[in-house]
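Work through the following exercises on helix packing with the sequence and model at hand. Each task is followed by a solution in steps.

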Amino acid sequence: MRFRRFFQKQKEWNELLKRYGSDILSSDNFKKTREYIQHGNMTVNSHCINVAIYSLAISKKLKIACNRRELVRGALLHDYFLYDWHDKYHRDIKSLHGFYHPGIALRNAMKEYELTEREKDIIKKHMWPLTIIPPQCREAWIVTMADKYCSLLETMKIHKDHIRYMPVKTEKMSVSERQGIAG
Ligand SMILES: [Fe+2]
Ligand SMILES: [Fe+2]
């Protein structure tokens, strides 16, 4: 009975992700995030999908009325920085990654998608309080909470990824690719 409810919920969340974010989920650059590690063995791709699902779950559980389309799209793109922050090319900025990556993610996302003000706020502020200025909408607060929760579970290795990690052949990458700037 519990399992049935669990799978039903998963199906429900997956349907919402597809309804609101199918273009993002099927894009080449978003698929590329399967090659980058976020925390533990969790890829950036799985992390962003988890954050989107947890954001939907938090808004439902806490009965927070919000725009689910913007919630899902902002959550999927919140870490769209498109580089592996653990690799040798980013060792120098590793300690500053937390401060810089929301801006890089926003720049990359804006090149490919027409973002609403709420979606921009979600991406820009998800690292609050590091970003100093707090989120300006409910959707951004929810994603900020979901991101922190998922990151904690990943760092403690309670959340593990089941997709095999495939490192990128960085030697063949252009400078802009290494810096995570979408073409
Ligand atoms: Fe992030
Ligand atoms: Fe994140």
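**Exercise 1.** Determine the handedness and the angle class of the crossing of α3 and α7.

*Solution.* The crossing of α3 and α7 is right-handed (the near helix is turned clockwise from the far one by less than a right angle). Next, the axes of α3 (residues 44-61) and α7 (residues 138-155) come within 8 Å and cross at roughly 125°; axes are lines fitted to C-alpha atoms over the stretch in contact, with angles from 0 to 180 degrees between N-to-C directions. The two helices are therefore oblique to each other (neither under 35, over 145, nor 65 to 115 degrees). Helices are DSSP runs of H or I with at least four residues, numbered from the N terminus.

The model is predicted; local features need pLDDT of at least 70, side-chain atom pairs count only at pLDDT 80 or more, and totals for chains, interfaces and linings use all residues. Residues are numbered from 1 along each chain as its sequence is written, while chains are lettered from A and ligands numbered from 1 in the order written.

**Exercise 2.** Identify which residues touch the most other members of the largest nonpolar core, and which helix gives the most to this core.

*Solution.* Of its 37 residues, Val-51, Ala-52, Val-72, Ala-75, Ala-105 and Val-143 touch the most other members. Such a core joins buried Ala, Val, Leu, Ile, Met, Phe, Trp, Tyr and Cys residues through C-beta atoms within 7 Å, buried meaning 20 or more other C-beta atoms within 10 Å of the residue's own, placed from the backbone. Helix α3 gives the most, with eight residues.

Technical notes: Buried ≥ 20, exposed ≤ 12 C-beta atoms within 10 Å, placed from the backbone.
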